[in-house]
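Reader: I should be grateful for a close look at one part of this model, namely the side-chain contacts between charged groups and between aromatic rings. Please take the aromatic rings together with their surroundings, and treat the charged pairs as well.

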Amino acid sequence: MFGSAFVTVALLIFVPGSRALDLLRATATSGDPPSIPKVHCRCASYPNGTFCSWPQPAVSSPTHYIATYRERHRQSSTKICNITSSGSSTPSPDSEQWHCHLPNLKLLTDYIINITAVHSGGSSSYLAGFMLEDIVKPDPPVDVRVSAHKSRNLLVEWSPPPTWASHHIFPLKYQILYRWENQGSSFSVNLGPTDNTKIELKGLIPGRAYQFQVCAKELLGLGHCSSWSSPVNVIIPRKKT
């Protein structure tokens with residue numbers, strides 16, 4: 001219906017190779033609904049550190065949000081999600097982020113998240129299905145350190161992300177990426193996975209500059225590897241003559 005009635009538009013998205021099923025739905029009461037929230041859900045600390053986040057649209061009428069989640073096969077299990085915001089003291093487009101914490105999710109369980117934006121022109125909803133195991137993505141490792149070890153070797157060490165609260169119960173594994181340039185060409189080596197927090201690299205070239213980064217993933221391979229850690233640059237010292 002048009003005019004003073006409402007219009008509903010639905011888009012169903014299935015991602016091949018994933019159990020995620022997204023339904024983006026816009027419902028307008030006056031033909032000018034808010035934009036559909038661009039929601040990203042991530043578990044940064046398995047199993048109880050799950051957040052869904054979305055940016056405030058750059059151009060928007062005063063908008064409030066309603067967030068709920070439930071088990072896919074249990075309508076009666078719907079829960080209200082506590083919403084908080086973060087942003088700079090001088091807001092600019094996309095500077096403000098909204099966050100919804102989903103505590104105490106069950107393992108091996110399908111969930112549906114519903115984020116609805118509401119203003120005077122109508123409402124727009126983002127609905128998505130997910131399993132906790134599919135959205136695990138730790139924060140990057142921290143305190144990456146590289147030191148000379150013997151003449152042509154380097155010792156790379158790091159610490160687990162502090163946000164991964166249960167690393168003794170749910171350990172992490174790591175991948176190490178190092179890069180270098182030689183005669184205008186770039187080269188890289190990706191090592192791992194390893195469950196250690198240090199690795200010795202042998203046979204490196206004295207006088208050459210190397211860059212090192214580390215990423216973390218849940219030990220059993222759940223979800224995704226973290227973003228790469230901040231790069232550390234080191235030059236292998238030459239032997240003194």
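Author: The model is a predicted one, and the description below begins with the charged side chains.

Across the whole structure, five salt bridges are found. One of them involves Arg145, whose side chain meets that of Asp143 with N and O 2.8 Å apart. Arg145 also forms a salt bridge with Glu157, where the closest N and O atoms are 4.0 Å apart. This second pair links distant parts of the chain, since Arg145 belongs to strand S11 (residues 142-149) and Glu157 to strand S12 (residues 153-159), twelve residues apart. Arg145 counts as partly exposed, at 31% relative accessibility. Asp143 is likewise partly exposed, at 46%, and Glu157 is partly exposed at 23%.

Another salt bridge joins the side chains of Arg74 and Glu71, at 3.4 Å from N to O. Here the two partners fall into separate classes of accessibility: Arg74 has a relative accessible area of 40% and is partly exposed, whereas Glu71 is buried because its 14% lies under the 20% cut-off. Through salt bridges that share partners, Glu71, Arg74 and Lys106 are joined into one network.

The aromatic rings come next. The count of aromatic pairs comes to eleven. In one of these, the ring centres of Tyr178 and Phe212 are 5.7 Å apart and the planes stand at 25°, so the pair is stacked. Tyr178 lies in strand S13 (residues 172-182) and Phe212 in strand S16 (residues 209-218), so this contact ties together parts of the chain that are 34 residues apart in sequence. Both rings belong to buried residues: Tyr178 has a relative accessibility of 11%, and Phe212 has 0%.

A further pair, Trp180 with Tyr210, is tilted, with 5.8 Å from centre to centre and 55° between the planes. Trp180 is placed in strand S13 and Tyr210 in strand S16, so this pair ties together parts that are 30 residues apart in sequence. Trp180 is buried, with a relative accessible area of 17%, and Tyr210 is buried at 4% relative accessibility.

The two aromatic pairs described above belong to a wider arrangement. Ring pairs link Tyr178, Trp180, Phe187, Tyr210 and Phe212 into a cluster. Within this cluster, the stacked contact of Tyr178 with Phe212 and the tilted contact of Trp180 with Tyr210 each connect strand S13 with strand S16.

Conventions: Residues are numbered from 1 along each chain as its sequence is written. This is a predicted model: local features need pLDDT of at least 70, side-chain atom pairs count only at pLDDT 80 or more; totals for chains, interfaces and linings use all residues. Side-chain values use heavy atoms; hydrogens and water are left out. Buried means under 20% relative accessible area, exposed over 50%, partly exposed in between (1.4 Å probe, protein chains only). Helices (H or I, at least four residues) and strands (E, at least two) are DSSP runs, numbered from the N terminus. Rings of Phe, Tyr and Trp (its six-membered ring) pair if their centres lie within 6.5 Å; planes under 30 degrees apart count as stacked, over 60 as edge-to-face and the rest as tilted.
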